[in-house]
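Trainee: I should like to go through this model with you, beginning with how its helices pack and then turning to the ligand.

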Amino acid sequence: MPEMLETRPTRPSGWEQLQYDHRDSRIVVSPHDLWRRLRAQCPVIHSERYGGFWFTSRYDDVKAVLTDCETYTATLGVNIPRQNMTLLPGEVDPPLHREYRRILNPRLAPQVVKQHEGWMRELAREWIEQIANPDQFDLCTDYCEPYAKRVSLRVIGYEPEDLDKLDHWTGVLAAGVRDDEEGIRLSMEFFGHLAATLQRRASEPPRDDIISAIVDGEVDGRPLSLDEQQSLLLQTTFGGLHTTGAVMAGSLVWLAGHPEDRARLHREPMLMPTAVEEFIRYVTPVPHMNRAAAKDTVLDGCPIPKDDLVMVGLGSANHDETIFDKPDEVVLDRFPNRHMGFGAGPHRCVGSHLGKLGVRVGLEEFLAAFSDFEVTDYYALRYNGGEGRGLLTVPMRATPVNGSSGQ
Ligand code: HEM
């Protein structure tokens, strides 16, 4: 589309150099100032990274892209660079998309998810009890991640012993597309494991989990192929593994630095549902997602040629000052809260109810167990980045409710 490319608006002065890169450490560690300035001055910007894509940062533009599936397609991939395997239901457009969603929806509906609350609470308590030294532990690796991942994997239907392997594969693959020998080997192992799990479960009596729903799933009145089953299981596994824990860690870091909010949650526990929504907005563990223009179009005055990739800045949209009052603060009772932490439109997260319950239970149990907690070294905070963004390391000290801190 050369003529259209020529009409690409020149960048405002000061923006000539920026090649937006969601994996760049500056954006991973400290994105908000850049996002704020992009929203104000250059809301749709082209980047030459990864073969080229547009980055859009305003709430209204992000929402427009995600909700208009005729103009923006998911079929050219939702990750930049694209994973070397198709994701279902993420990388199909409506109406076919609905058929795949129908397979997952019943197992992740609110009333079904609610039934898991009892064992989730026990699991959270077990992980809190395992914190050997409350004077010095890592909030992410000792609590948020192991708890949140086990919640998700159990609801999906994996065996507990699968966790370490899945964690390793998804962690490496989520960090970036790997086309080196090691990356190909890891993908093959991961896919082999998904296939073996699905084949084994097809020969066993059905259970009330997601793997059974996938194994028995149908599209257009026919059974799913093994490839389709693998793709559905793949995206559900990815979706659940690195999100809930990231919200919990971000929330607890906020609460560590804001004792007044912690005290308020103790005083007014009924605020928890709005607080969880707000933490998801504030943290936005999936700050980037991708679509492609299905036809020549114009986004916020910027011409986008057909087939060009468009990255939506969910993290930026969730801090858009034209939509949210005090966007960079956590407002525990923010209502309404039209955040897009779970996306928007037909691909809005199918696991949102599980994610919210996982965060709520995880936070409630932590707040009940510790009367006080603090981050001991802010220098040591580390994030992972890309489409997902979340804390990996948070050194913490906490005071147990019934006992003194430390050994
Ligand atoms: C707080 C936790 C979570 C957050 C913030 C989150 C965020 C998101 C976002 C932003 C999307 C939209 C992607 C797009 O538009 O392309 C999405 C989709 C998805 N999520 Fe989640 N997610 C969470 C938890 C989960 C859990 C627990 C699961 C599964 C067990 C899950 C499975 C999925 C799947 C399968 C999709 C694709 C949906 C579709 O394309 O129709 N997510 N998630």
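Trainee: Are α8 and α13 parallel, perpendicular, antiparallel or oblique to each other?

Mentor: Please bear in mind that this is a predicted model. Helix α8 (residues 139-156) and α13 pack with their axes 8 Å apart, at an angle of about 140°. Angles from 65 to 115 degrees count as roughly perpendicular and those over 145 as roughly antiparallel. The angle falls in neither class, and α8 and α13 are therefore oblique.

Trainee: Which class of residue, nonpolar, polar or charged, has 11 members in the contact of α8 with α13?

Mentor: On the α8 side the contact includes Leu139, Cys140 and Tyr143, and these meet residues of α13 such as Ala246, Met248 and Leu252. Two residues of the contact are polar and one is charged. The class with 11 residues is nonpolar.

Trainee: How are α15 and α17 oriented to each other, roughly parallel or roughly perpendicular?

Mentor: The axes of helix α15 (residues 272-283) and helix α17 (residues 352-369) come within 10 Å and cross at roughly 110°. The range for this class is 65 to 115 degrees. The two helices are therefore roughly perpendicular.

Trainee: How many charged residues does the contact of α15 with α17 have?

Mentor: α15 contributes Met272, Val276, Glu277, Phe279 and Ile280, while α17 contributes Lys356, Val359, Arg360, Leu363, Glu364 and Leu367. By class, seven residues of this contact are nonpolar and none is polar. The number of charged residues is four.

Trainee: Is the crossing of α15 with α17 left-handed or right-handed?

Mentor: Handedness is a separate matter from the crossing angle of roughly 110°. α15 passes α17 in a crossing that is right-handed.

Trainee: Turning to the ligand, which residue has a polar side-chain atom 2.6 Å from an oxygen atom of the ligand?

Mentor: His97, Arg101, Arg291, His347 and Cys349 come nearest of the 26 residues around the ligand. A polar side-chain atom of Arg291 is 2.8 Å from a ligand oxygen atom. A polar backbone atom of Gly239 lies 3.4 Å from a nitrogen atom of the ligand. The residue with the 2.6 Å distance to a ligand oxygen atom is His347.

Trainee: Which element gives the largest share of the shell around the ligand?

Mentor: The elements that give two or more residues to this shell are α5 (96-104), α12 (226-241), α13 (244-257), β7 (288-293) and α17. By class, the shell has 10 nonpolar, 14 polar and two charged residues. The largest share, four residues, comes from α12.

Methods: Residues numbered from 1 in each chain as written. Predicted model: local features only at pLDDT ≥ 70, side-chain atom pairs only at ≥ 80, totals over all residues. Heavy atoms only, no water. Axes fitted to C-alpha atoms, helices over the stretch in contact; angles between N-to-C directions. Parallel < 35°, antiparallel > 145°, perpendicular 65-115°, else oblique. Left-handed = near helix turned anticlockwise from the far one by under 90°. Contact = heavy atoms within 4.5 Å. Nonpolar A, V, L, I, M, F, W, Y, C, P; charged D, E, K, R; others polar. Near = heavy atom within 4 Å. Polar contact = N/O pair within 3.5 Å; in protein donor to acceptor, adjacent residues only side chain to side chain.
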